[in-house]
Amino acid sequence: MPEIEVAATPRRGVPAVVLAHPGDDSPEFGPGGADLTAEWATALGLTGKAGEVNLAADHAAGVRWVAGIGEGAAADWRKTGAALVRAFEARAETDSDAGRKVARSLQLTLPEGTTEDQISALVLGVSLGGYRYKVSSAEKPRLKLLRLVTAEDLRPAVDRALAYAQGTAATRDMGNTPSNVKNPAWLAAAAVKLAAQLPGLKVEVRDEHWLAEQGFGGLLAVGGGSASPPRFVELTWRPARAEGPHIAYVGKGITFDTGGISLKPADGMHLMRTDMCGGASVIAALVTIARLGLPVRVTGLVPIAENHVSGSSYRPGDVVRHYDGQTTEVTNTDAEGRMVLADAIGYAVRRVKPDLIVDVATLTGAMKVSLGVRTGGLFSTDDALAARITDAGTRSGEAWWRMPLLADLEDEVVSEIADWRQCPPGPGGITAALFLRKFTADIPWAHMDIAGPARAEKTYDEVVPGATGFSTRTLVELAASYTR
């Protein structure tokens with residue numbers, strides 16, 4: 001990510017960006033735009049809408065770019081920051097290919113009255129809009145530095161936004177790592193490596209032998225078909241003067257999902273490297289919470305496995321006993337996420353004893369069909385918790401839609417030969433949530449299904465193709481909401 005610098009005055013020789021917002025006849029330009037004319041804007045077709053970025057090098061001394069900021073909502077600033085960094089880097093690549101001098105930095109004088117929400121959104125957009133993950137020997141030119149000329153009292157907002165961006169990028173990195181590298185041991189090691197940077201954040205990694213001793217039947221069943229055995233990661237952030245509730249975050253960590261014996265179609269299976277994005281979000285959220293020093297006690301639990309096909313794979317018709325003693329009849333081995341989450345939620349109830357539980361998972365294709373690819377599905381047994389998560393998502397630029405836990409479907413989850421049926425017919429997202437609720441022991445609970453927005457096929461706002469990091473910022477913002 002580019003370095004973000006806050007300064008009181010511009011620096012001579014650094015290419016400048018001028019902000020524009022819609023006017024009645026042509027865009028109105030912000031600080032530094034005095035030499036830009038309405039005639040020039042009209043000739044170029046500028047509107048000032050959010051995300052509209054144009055070169056201005058030949059029209060005003062020192063001004064290199066004009067970026068539309070729209071009506072100035074936080075989402076507009078985030079979109080503009082992302083569009084700016086992408087336009088800058090596309091131009092830098094063109095200049096590099098042509099043998100011209102390549103710029104490495106930009107500066108932007110912010111208007112008076114710029115709010116913390118606006119500058120935070122801008123920093124998120126700039127930090128994440130140019131994200132790339134590519135296994136290649138070629139290196140393309142990048143934006144190295146953005147100098148923000150503004151009041152010093154906005155620096156804390158910049159630092160906080162950078163922490164959120166780093167967490168999102170970490171989730172993207174873990175999600176995009178190919179599964180020939182990313183087995184369960186690798187993902188557990190990534191959690192250890194990230195946490196090692198932060199005093200006070202503890203990590204424990206448990207192997208398959210510990211899992212067998214403790215009775216993690218769901219995790220062992222799902223991971224049993226792979227040559228790479230499962231892992232269970234527990235991250236603990238316990239500040240000395242904690243405020244609010246003790247939160248348990250539980251994230252699905254399936255490092256690759258073939259569907260097991262209930263094999264997935266070949267088309268699209270390569271995307272299953274991102275099936276651990278819920279677990280990655282929990283890891284990155286705990287790291288970000290520790291980086292910010294939030295005075296909230298949070299425990300992160302990530303059951304990690306690879307759902308593969310072999311002679312030791314679990315089967316439809318199997319009955320599995322979970323950590324808390326409850327049993328599940330397996331009906332579809334491709335519904336593996338709820339199997340590993342059931343163990344981890346049961347562990348949270350019995351061992352962690354939190355005040356509330358939030359799980360996050362790329363769980364069901366039904367949510368992708370219901371809500372598309374930019375909105376997460378939210379289920380909860382607690383109205384206040386659901387509202388708090390939705391608000392946290394709004395503040396962090398992630399959209400959630402609450403879904404119902406329908407009472408008339410309760411009987412569908414009941415099994416004739418076990419306590420529960422893993423994957424009954426009916427609306428898949430809802431029945432999956434109803435299944436998970438059986439393991440929560442009436443602790444206030446929310447389930448976040450990110451099957452749609454966890455990965456993207458095209459660029460929009462600050463999102464680029466691949467793993468998006470969706471839900472990481474919501475989890476951090478949810479914890480932060482208990483400190484206000």
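Are Arg-78 and Glu-462 buried or exposed? In this predicted model, both Arg-78 and Glu-462 are buried. The two residues are joined by a salt bridge in which the closest N and O atoms lie 3.2 Å apart. Arg-78 belongs to helix H2 (residues 74-97), whereas Glu-462 sits in the loop between S20 and S21, so the pair ties together parts that are 384 residues apart in sequence.

The pairing of Arg-78 with Glu-462 is one of 26 salt bridges counted in the model. Side chains of opposite charge can pair when their charged atoms come close. Another such pair is formed by Glu-5 and Arg-147, whose side chains meet with an N to O distance of 2.4 Å. This pair also links distant parts of the chain, with Glu-5 in strand S1 (residues 3-7) and Arg-147 in strand S7 (residues 145-149), 142 residues apart. Glu-5 and Arg-147 are both buried.

A further salt bridge connects Glu-93 with Lys-140, the closest N and O atoms being 3.6 Å apart. Here Glu-93 is in helix H2 and Lys-140 is in the loop between helix H3 (116-129) and S7, distant parts of the chain that lie 47 residues apart. Glu-93 is partly exposed because its relative accessible area is 26%, a value that is not under the 20% required for a buried residue. Lys-140 is likewise partly exposed, with a relative accessible area of 39%. In addition, Arg-64, Arg-91, Asp-95 and Arg-100 are joined into one network by salt bridges that share partners.

Charged residues also contribute to the surface. Lys-49, Lys-79, Arg-374 and Lys-458 form a positive surface patch. Within this group, Lys-458 is located in the loop between strand S20 (455-456) and strand S21 (466-467). Its relative accessibility is 55%, so Lys-458 counts as exposed. A nonpolar surface patch of about 260 Å² is made by Ile-261, Leu-263 and Val-309. Ile-261 is placed in the loop between strand S11 (253-257) and helix H8 (277-292), and its relative accessibility of 42% makes this residue partly exposed.

The loop between S11 and H8 also contains Arg-273, which is partly exposed at a relative accessible area of 28%. The C-alpha atoms of Arg-273 and Met-174 are separated by 9.3 Å, although the two residues are 99 residues apart along the chain. When neighbours within four places in sequence are left aside, Arg-273 is in contact with Gly-175, Asn-176, Thr-177, Pro-178, Ser-179, Lys-182, Thr-255 and Phe-256.

Contacts between separate parts of the sequence are also found at Met-1, which is placed in the segment before S1. Met-1 and Ser-127 are 126 residues apart along the chain, while their C-alpha atoms are separated by 5.3 Å. Not counting residues up to four places away in sequence, Met-1 touches Ser-127, Leu-128, Leu-162, Ala-165, Gln-166 and Ala-169. Leu-128 is also one of the residues in contact with Thr-168. Thr-168 has its place in helix H4 (residues 155-176) and, at 0% relative accessibility, counts as buried. Apart from neighbours within four places in sequence, the contacts of Thr-168 further include Thr-468, Gly-469, Thr-472 and Arg-473.

The backbone was examined as well. Most residues other than glycine have a negative phi. Ser-471, a residue other than glycine, has a positive phi near 95 degrees. Ser-471 lies in the loop between S21 and helix H13 (472-481). With a relative accessible area of 0%, Ser-471 is buried. A positive phi is also present at Ala-441, where the angle is about 55 degrees although the residue is not a glycine. The position of Ala-441 is in the loop between helix H12 (428-437) and strand S19 (445-449).

Definitions and conventions
Residues are numbered from 1 along each chain as its sequence is written. This is a predicted model: local features need pLDDT of at least 70, side-chain atom pairs count only at pLDDT 80 or more; totals for chains, interfaces and linings use all residues. Side-chain values use heavy atoms; hydrogens and water are left out. Patches are made of residues with over 30% relative accessible area and no salt bridge: like charges are joined within 9 Å, nonpolar side chains (Val, Leu, Ile, Met, Phe, Trp, Tyr) within 5 Å. Accessible areas come from the Shrake-Rupley method with a 1.4 Å probe; for residues, only the protein chains shown count as cover. A salt bridge is a side-chain nitrogen of Lys or Arg within 4 Å of a carboxyl oxygen of Asp or Glu. Lys and Arg count as positive and Asp and Glu as negative; His and the chain ends are not counted. The place of a charge is taken as NZ of Lys, CZ of Arg, CG of Asp or CD of Glu. Helices (H or I, at least four residues) and strands (E, at least two) are DSSP runs, numbered from the N terminus. Buried means under 20% relative accessible area, exposed over 50%, partly exposed in between (1.4 Å probe, protein chains only). Contact means heavy atoms within 4.5 Å.
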